[in-house]
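Visitor: I'm new here, so could you walk me through how to read a structure like this?
Guide: Happy to, let's take a look together.

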Amino acid sequence: MRDIVVFSGTSHRTLAGRICNALGVPLSPSLTTRFSNDCLQVQLQANCRQRDVYLIAPVVPPTQESLMELLLMIDAAKGASAAQITAVIPHFAYARSDKKDASRISMGGRLVADMIVAAGAHRVLTMTLHAPQVHGFFSIPVDHLTAIGILADHFRAQDLTDTVVVSPDLGNAKTASQFARLLRLPVAAGSKVRTADDKVVIDMIVGDVAGKKAIVLDDEIATGGSIVELMDRLKDFGCTEAAVACTHGLFTGQAVERLANHPMITEMVTTDTVPRPHQSWEALQVRSVAGLFAEAIGRIHAGESISSLFDGVDPTHAPPQATLFP
C-alpha cells in the first residue's frame with residue numbers, strides 16, 4: 001500500500017480518517033485556502049508523483065464549495081504528476097439533476113461529471129447515486145457501491161415478525177425489493193407525486209401494510225418531507241410503526257424536527273457518507289461505510305474485482321449472469 005496516497009477535502013475529514021484507518025495508510029495533509037475575493041485554492045502537502053492518489057470529498061452542503069474544492073484537488077493532483085487519480089465521492093449531490101423534465105432546464109448531473117473528467121480524474125468511486133443513470137454520464141470508469149448490505153445487517157438482529165419493507169416511491173421499489181430479499185420480508189411502495197423541492201403527495205400504498213411494522217428504505221433524506229408524508233399514509237393504511245433507513249442522511253432544513261418528533265418513527269438508521277447533523281436525536285443510528293470504501297480502494301489499487309464485494313447482496317453490482325450461449 002506504500003504507493004497509495006489519500007487526501008481529504010474539508011467536507012468530511014472524519015470519514016476520510018476512518019477509511020484511512022481501515023486501509024492502513026495515513027491521511028495525507030492538504031490545505032484549502034480562501035482568498036479575500038472568495039476564491040479557493042488547494043495545496044496537497046504530500047508527494048503525489050507516480051502515486052495512486054485518492055481524493056475523498058463527498059459533495060455536501062455547502063454543495064458548490066464542496067464541488068469546487070474537489071475539482072481543485074483533482075487539478076492539484078494532476079499537476080503533481082499523479083499516476084492515477086480517483087475521486088472518492090461518497091455522496092454525489094447533483095445526481096438528482098439527471099434528466100430534462102421541463103423546457104430549457106439544465107442537467108447538472110451530466111455537467112458535473114464532465115467537469116470532474118475535465119479536471120483530470122481517471123476514475124470515480126461513489127455510493128448509491130440517487131439516479132443510477134448518472135453512472136453513464138462519466139466517460140471514465142465509475143465504481144458504484146451500495147450500502148443496502150450494511151443497512152440490512154443493522155436489522156437482522158431484530159425481531160422482524162410482521163414487518164414489511166416500504167419504498168417511499170415506485171422509482172425506488174427495485175432497490176427496496178433487493179433490500180427486502182436480504183431480510184426475507186415482503187415489500188410495499190408509496191405512489192408519490194412531488195409538487196415542490198420539499199413537498200410531496202403520496203395518495204396510496206401499493207402492498208399490504210395493515211397491522212404490520214415497516215422498514216422504510218430511501219437513498220437520501222434531505223428535508224424529510226417525503227418521509228413524513230409517507231408516515232401519515234402508512235398510519236392511514238393501518239401500519240403500526242416504522243423504522244427509517246437511508247444511505248445519505250443529509251437532514252437539512254427542518255428535517256431533524258420533523259423526524260425526531262414524529263410518533264410513527266421508532267428508529268432512524270443512516271450511514272456516514274455525509275457528516276452527522278449538528279442536531280441529533282436518540283433514535284438516530286449511524287452505520288459506517290468506511291470499511292467498504294477502504295476495501296474498494298484496496299481492490300482498485302491491486303486491480304481486483306469490485307463487483308465481488310456484492311455477491312449475494314445486490315445483483316445490480318454483482319458479476320453478470322451466465323449467458324444462454326457458450
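**Pockets, cavities and a few odd turns**

Guide: Let's start with an open space: α2 gives the most to the lining of the second largest pocket, with three residues. Before going on, note that this is a predicted model, where local features need pLDDT of at least 70, side-chain atom pairs count only at pLDDT 80 or more, and totals for chains, interfaces and linings use all residues. Residues are numbered from 1 along each chain as its sequence is written, and side-chain values use heavy atoms, with hydrogens and water left out.

Visitor: What do α2, "pocket" and "cavity" stand for?
Guide: Helices (H or I, at least four residues) and strands (E, at least two) are DSSP runs numbered from the N terminus. For spaces, the general idea is that rolling a probe the size of a water molecule over the atoms shows where empty space is left. On a 1 Å grid over the protein atoms alone, a cavity is a set of points where a 1.4 Å probe fits but cannot get out, while a pocket is an open set with protein on both sides within 12 Å along at least five of seven lines; lining residues have an atom within 4 Å of a point.

Visitor: What is the volume of the second largest pocket, and which residues are closest to its centre?
Guide: The volume is about 430 Å³ (the space filled by probe spheres set on the points, which are joined across faces, edges and corners). Of its 23 lining residues, Val60, Pro61, Pro62, Pro275 and His278 are the closest to the centre. Both β2 (30–34) and α2 (63–79) supply at least two lining residues each.

Visitor: Anything special about those prolines?
Guide: The peptide bond from Pro61 to Pro62 is cis, with omega near -5 degrees. Pro62 belongs to the loop between β4 (52–56) and α2.

Visitor: How does α2 pack against α3?
Guide: Axes are lines fitted to C-alpha atoms, for helices over the stretch in contact, and angles run from 0 to 180 degrees between N-to-C directions. Here α2 and α3 (108–119) pack at about 25 degrees, with axes 8 Å apart. That makes the two helices roughly parallel (angles under 35 degrees; over 145 is roughly antiparallel, 65 to 115 roughly perpendicular and the rest oblique). Among the residues making the contact (heavy atoms within 4.5 Å) are Leu67 and Leu70 of α2 and Val112 and Met115 of α3.

Visitor: How many cavities of 30 Å³ or more are there?
Guide: The count is two. The largest cavity holds about 40 Å³, and Pro275 is one of its lining residues. The second largest cavity holds about 30 Å³, and its lining includes His91, Met127, Glu220 and His248.

Visitor: Is His248 buried or exposed?
Guide: His248 counts as buried, at 1% relative accessibility (buried is under 20% relative accessible area, exposed over 50%, partly exposed in between, with a 1.4 Å probe and protein chains only). His248 sits in strand β12 (residues 241–249). Beyond neighbours within four places in sequence, its contacts include Pro90, His91 and Asp219.

Visitor: And which odd turns did your heading mean?
Guide: Arg104, which is not a glycine, has a positive phi near 55 degrees, and its place is in the loop between β5 (84–89) and α3. Arg184 also has a positive phi, of about 55 degrees, without being a glycine. Arg184 lies in the loop between α5 (173–183) and β9 (187–196). Arg104 is exposed at 79% relative accessibility, and Arg184 is exposed at 78%.
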